[in-house]
Amino acid sequence: MPDTSEYQPLEGLPIPVAILRAERVVYVNPALTTFLGASAEELSRVAITELISRFTPQERTWVEPMYQARARGERPEGGDLWLRMRGANGRERMCRLRSTA
């Protein structure tokens with residue numbers, strides 16, 4: 001992963017956090033790697049569409065087209081989105097997806 005020193009304050013948060021840029025994960029905190037059961041390095045190597053398929057299977061039908069539209073430069077209306085993510089233990093958790101750019 002690239003230099004993540006600017007994200008150091010996020011390390012100790014008990015809530016899962018990921019920072020995405022373009023097509024890749026550039027930072028994940030320990031709470032997210034524990035929840036997903038995947039290392040930061042593994043998550044940084046996987047395309048966003050694969051992450052959607054792997055960790056949000058029930059939400060894939062609407063999340064993937066929304067992501068593809070965003071990749072084309074379209075900006076969805078509305079604010080934060082809530083989606084179900086499946087963790088390493090198979091349990092689902094509601095997560096908030098926030099876009100800042």
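## Exercises on a predicted protein chain

Glutamate 64 touches Thr49 and Ile52, leaving aside residues up to four places away in sequence. The model is a predicted one, and the exercises below start from this glutamate and work outwards.

**Exercise 1. Find which helix holds glutamate 64, and decide whether this residue is buried or exposed.**

Step 1: Locate the residue. Glutamate 64 sits in helix α4.

Step 2: Apply the cut-off. Buried means under 20% relative accessible area. Glutamate 64 has 16% relative accessibility, so it counts as buried.

Step 3: Look at its neighbours in the helix. Val63, Glu64, Tyr67 and Ala69 are the buried residues named for α4.

Step 4: Ask what they pack against. The buried residues of α4 meet α3 (48–55) and β3 (81–86).

**Exercise 2. Work out how the span of helix α4 compares with the expected value, and what follows the helix.**

Step 1: Take the limits. Helix α4 covers residues 60–71, which gives 12 residues.

Step 2: Compare the spans. From first C-alpha to last, α4 reaches 16 Å, close to the 16 Å expected at 1.5 Å a residue.

Step 3: Recall the helical repeat. An α-helix has 3.6 residues a turn, so residues three or four places apart point the same way.

Step 4: Move past the end. Just after α4 comes glycine 73, with a positive phi of about 100°.

**Exercise 3. Sort asparagine 29, threonine 34 and glycine 37 into buried or exposed, and place each one in the chain.**

Step 1: Begin with asparagine 29, which lies in the loop between β2 (24–28) and α1. Its relative accessibility is 0%, so asparagine 29 counts as buried.

Step 2: List what surrounds it. Leaving out residues up to four places away in sequence, asparagine 29 touches Leu10, Glu11, Leu13, Ile15, Pro16 and Val17.

Step 3: Continue to threonine 34, in helix α1 (residues 30–36). Exposed means over 50% relative accessible area, and threonine 34 counts as exposed because its value is 63%.

Step 4: Check a spatial partner. Between threonine 34 and proline 16 the C-alpha distance is 8.6 Å, with their positions 18 residues apart in sequence.

Step 5: Finish with glycine 37, in the loop between α1 and α2 (40–45). A relative accessible area of 53% makes glycine 37 exposed.

Step 6: Compare sequence and space once again. Glycine 37 and asparagine 89 are 52 residues apart in sequence, and their C-alpha atoms are 8.1 Å apart.

**Exercise 4. Describe the whole chain: its element order, its overall dimensions and its charges.**

Step 1: Count the elements. There are 4 helices and 4 strands, and along the sequence they follow the pattern β-β-α-α-α-α-β-β.

Step 2: Test the globule rule. A compact globule of 101 residues would have a radius of gyration near 13 Å; the chain has 13 Å, so the two agree.

Step 3: Add the box. Along the principal axes, the C-alpha atoms fill roughly 30 × 30 × 25 Å.

Step 4: Turn to burial and surface. Of the 101 residues, 31% count as buried. The accessible surface is about 6700 Å², with 51% of it belonging to carbon and sulfur atoms.

Step 5: Consider the contacts. Among those between residues at least 6 apart in sequence, 33% join residues at least 24 apart.

Step 6: Close with charge. The chain carries 14 positive and 13 negative side chains, and the centres of the two sets lie 3 Å apart.

Definitions and conventions. Residues are numbered from 1 along each chain as its sequence is written. This is a predicted model: local features need pLDDT of at least 70, side-chain atom pairs count only at pLDDT 80 or more; totals for chains, interfaces and linings use all residues. Side-chain values use heavy atoms; hydrogens and water are left out. Helices (H or I, at least four residues) and strands (E, at least two) are DSSP runs, numbered from the N terminus. Buried means under 20% relative accessible area, exposed over 50%, partly exposed in between (1.4 Å probe, protein chains only). The radius of gyration is taken over C-alpha atoms; the globule rule is 2.2 Å times the number of residues to the power 0.38. Contact means heavy atoms within 4.5 Å. Accessible areas come from the Shrake-Rupley method with a 1.4 Å probe; for residues, only the protein chains shown count as cover. Lys and Arg count as positive and Asp and Glu as negative; His and the chain ends are not counted. The place of a charge is taken as NZ of Lys, CZ of Arg, CG of Asp or CD of Glu. The expected span of a helix is 1.5 Å times one less than its number of residues.
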